[in-house]
Amino acid sequence: MHRITKFSYILVLSAALGSFPGELPILAESSDRLLSTGKLQNATYYIPQIGNVALTEGTYQTPQLSVTLNQVMAKGDLNGDGSGDAAVFLTVIRDQAEISNYIAVILAQGNNLQNVDTVWLGGRMQIETASFEAGQISVKSLVYAPSDPPCCPSQQKQQNYRLDARTQTLLPVTLGAQDPNPGEIRINNTTAPPLGIDPNTPVPPPEGQIRFQF
């Protein structure tokens, strides 16, 4: 009868796991845990014309630059790989005057968060909601009308975006009817109206009444 020692048990367990003692496999962290609010508040984001900015508890602050992570965010599967993704919003103030808002797309890849693209949304605005719908990000916000006071934007605005899987870039989507073949050139046949029906079409004079004037 063979005795199973502690060392042989470890070898058997290691072989079953595909590793050796001291090399236990690292399991990928779930996307839900990676995309937690705490993780997103302490991630690094790329901002166009500025560069990479590392947030600490949702903020980055220097005398010339302020970056704040908005409380509104959306989570779901944006690129169709079965793993969670997120869309977050950054408010950027430069030189204590110029205000810009950006949308940043975050993909959970392995144990890391990757900010694949960041796109300018607009200037001063109040972002109300964001959601993933049919592979798109839908953003609803309030923007300022010319007569609005500084506290209270009044005009509603909706912006939709999709992620191009090949280039990993965020592209705007025109709201309304979607063209299934946007790159196709079409020539529409239009029947011309009969003479005399269209007000922009000249009406020929009655026969025998044509006069030439010099």
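Which residue in β9 is the bridge partner of Gln126? In this predicted model, the partner of Gln126 is Leu142. The pair belongs to the contact between β8 and β9, the latter spanning residues 136-143, and the two strands run antiparallel to each other over eight bridges.

The pairing of β8 with β9 is part of an open sheet of four strands. The strand order in this sheet is β8-β9-β10-β11, with antiparallel pairing. Its edges are formed by β8, covering residues 125-133, and by β11, covering residues 169-173. Each of these edge strands pairs on one side only. When direction is ignored, the average turn between neighbouring strands of the sheet is 30°.

Cysteine pairing was examined next. A disulfide is a covalent bond that links the sulfur atoms of two cysteines. The count for the structure is one disulfide, and the bond is between Cys151 and Cys152, with an S to S distance of 2.3 Å. This distance satisfies the criterion because a pair of cysteine sulfur atoms is accepted within 2.5 Å. The link of Cys151 and Cys152 is left-handed, with -90° about the S-S bond. The two cysteines fall into separate accessibility classes under the limits of 20% and 50%. Cys151 is classed as exposed because its relative accessibility is 55%, and exposed means over 50%. Cys152 has a relative accessibility of 39% and is therefore classed as partly exposed.

Charged side chains were considered in turn. In the whole structure, the search returns one salt bridge. This salt bridge is formed by the side chains of Arg94 and Glu98, with an N to O distance of 3.7 Å. The contact qualifies because the nitrogen and the carboxyl oxygen need to lie within 4 Å. Of the two partners, Arg94 is buried, with a relative accessibility of 18%, so it falls under the 20% limit. Glu98 is partly exposed, at a relative accessible area of 44%.

A further contact concerns a charge and a ring. Arg124 is placed over the face of Tyr144, and its distance from the ring centre is 4.1 Å. As for contacts between rings, the structure contains zero aromatic pairs.

How values were computed. Residues are numbered from 1 along each chain as its sequence is written. This is a predicted model: local features need pLDDT of at least 70, side-chain atom pairs count only at pLDDT 80 or more; totals for chains, interfaces and linings use all residues. Side-chain values use heavy atoms; hydrogens and water are left out. Rings of Phe, Tyr and Trp (its six-membered ring) pair if their centres lie within 6.5 Å; planes under 30 degrees apart count as stacked, over 60 as edge-to-face and the rest as tilted. A charge sits over a ring if NZ of Lys or CZ of Arg is within 6 Å of the ring centre and within 35 degrees of the ring normal. Buried means under 20% relative accessible area, exposed over 50%, partly exposed in between (1.4 Å probe, protein chains only). Two strands pair if DSSP finds at least two bridges between them. Axes are lines fitted to C-alpha atoms, for helices over the stretch in contact, and angles run from 0 to 180 degrees between N-to-C directions.
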